[in-house]
Structure formats: C-alpha cells, structure tokens
Amino acid sequence: MTSEPIPAAATQPADRGPPVIRTVAMPNDTNPAGDIFGGWLMAQMDMAAGNVAARRARGRCATISAEAMTFHRPVFVGDEVTFYAWIVKVGRTSMRIQVEVWRRERESEVTMKVTEGLFTFVAIGPDRRPRPIPEAVEG
C-alpha cells in the first residue's frame, strides 16, 4: 500500500490477473445516507480474498484478520464494482491476501480505486483446526 494520493481516474491492475468478483452496487447495499455501506464492501472483499485463499489452500479457510482497510472514495448505487485479490505471503498454515476495489460509473468508462485492504486467512482441516497449506501447483 502507498500513502500517495490516488488520481481521480486510474487504470485497474492488469498485472494482478482477472477480477475475482465483479458486481453492481444495488439500493439494498446502502447506508442511511444512501451511499454504498462500507460493511457491504468489506464483506465482498472478504469473499474475494476467501476465494483466493481456498483455491491456494485447496480447501476450507477462515478469515482471521482484516487490516489496513482504506476507503479512498465512495461507491454509489449503480456503480460496477470490481474486486481484485492476490496472495502477498504464504506461511505454514496462513496466508495474507491484498484486495483492491475499483468502481466504474454506470454510464462511463472511467474507473477509480475506491478501497483496499489486507486480509489474513488460515487453512482449516476437517477437525476445524489449522492445517498446513500444500505446496503451490504450477500452471
């Protein structure tokens, strides 16, 4: 993460692979002020990171922390919201996954990074206890 200001319009991270989730922000996702609720964004980020974690661990994983959450800009009803997630570090039983969230206004091609955060997951075995993460599969 960087403390540098984010330009109003930027390019989505092409070097991080395809989006993990892409959705449209709906009226049910709003806070009392009518903007998209930060808790909804965090839940979507956790799902995106969880998808990456389960794939890498080849099984069940649980969120153990969400940190370094930064909300740069609001998201509005009708925005297309894209979630990128990638592994930053893999330990014996846990992994850290960075998530970036980008928005595109419904009638525009301009995209903006709106949120980012760092999630830690632990691989869980059938006994619901931490288990070792298998070696990475090439390809």
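Lys113 forms a salt bridge with Glu100 in this predicted model, and the closest N and O atoms of the two residues are 3.5 Å apart. Because Lys113 lies in strand S5 and Glu100 in strand S4, the pair ties together parts that are 13 residues apart in sequence. Both partners are covered: Lys113 is buried, and Glu100 is buried as well. Side chains of opposite charge can pair when their charged atoms come close.

The two strands that hold this pair are a good place to begin a tour of the fold. Strand S4 covers residues 94–104 and pairs with S5 in the antiparallel sense, over 11 bridges. Together S4 and S5 form a hairpin, with 6 residues between them. Strand S5 itself spans residues 111–123 and is mostly covered, with 13 of its 13 residues buried. Strand S5 is also joined to strand S2 (residues 61–71), here by 8 bridges, and these two strands run antiparallel.

Leu118 offers a handy landmark within S5. On the S4 pairing, Gln98 stands opposite Leu118. On the S2 pairing, Leu118 is the bridge partner of Glu67. Leu118 in S5 thus appears in a pairing with Gln98 and in another with Glu67.

Attention now turns to the other charged pairs. A search of the whole structure finds 7 salt bridges. In one of them, the side chains of Arg22 and Glu80 meet at 3.8 Å, N to O. This pair links distant parts of the chain, with Arg22 in strand S1 (residues 21–24) and Glu80 in strand S3, 58 residues apart. Glu80 also meets Arg104 through their side chains, in a salt bridge of 3.3 Å, N to O. Here again distant parts of the chain are linked: Glu80 belongs to strand S3 and Arg104 to strand S4, and the two residues are 24 apart. Arg22, Glu80 and Arg104 are thereby linked in a network of salt bridges.

The two arginines of this network can be described by their accessibility. Arg22 has a relative accessible area of 48%, so Arg22 counts as partly exposed. Arg104 has a relative accessible area of 17% and is therefore buried, the cut-off for that class being under 20%.

Arg22 leads on to Thr82, a residue of strand S3 (residues 80–90). The side chains of Thr82 and Arg22 make a polar contact of 3.1 Å. Thr82 counts as buried because its relative accessibility is 1%. Leaving aside neighbours within four places in sequence, Thr82 is in contact with Gln12, Pro19, Ile21, Arg22, Glu100, Val101 and Trp102. Among these contacts is Glu100, the residue that forms a salt bridge with Lys113. A further separation can be given for Thr82 and Pro18, which are 64 residues apart in sequence and 9.8 Å apart in space, C-alpha to C-alpha.

A wider view comes from the database record. In an unreviewed entry, UniProt lists residues 15–127 for "domain: HotDog ACOT-type". Over residues 15–127, the chain in the model is 18% helix and 44% strand. The C-alpha atoms at the ends of this stretch are 37 Å apart.

Note on methods: Residues are numbered from 1 along each chain as its sequence is written. This is a predicted model: local features need pLDDT of at least 70, side-chain atom pairs count only at pLDDT 80 or more; totals for chains, interfaces and linings use all residues. Side-chain values use heavy atoms; hydrogens and water are left out. UniProt positions are given in the numbering used here, feature names are shortened, and annotations may be inferred rather than shown by experiment. Helices (H or I, at least four residues) and strands (E, at least two) are DSSP runs, numbered from the N terminus. Buried means under 20% relative accessible area, exposed over 50%, partly exposed in between (1.4 Å probe, protein chains only). Contact means heavy atoms within 4.5 Å. A polar contact is a pair of N or O atoms within 3.5 Å; within protein, one must be able to donate a hydrogen and the other to accept it, and residues adjacent in sequence count only if both atoms are side-chain atoms. Two strands pair if DSSP finds at least two bridges between them. A salt bridge is a side-chain nitrogen of Lys or Arg within 4 Å of a carboxyl oxygen of Asp or Glu.
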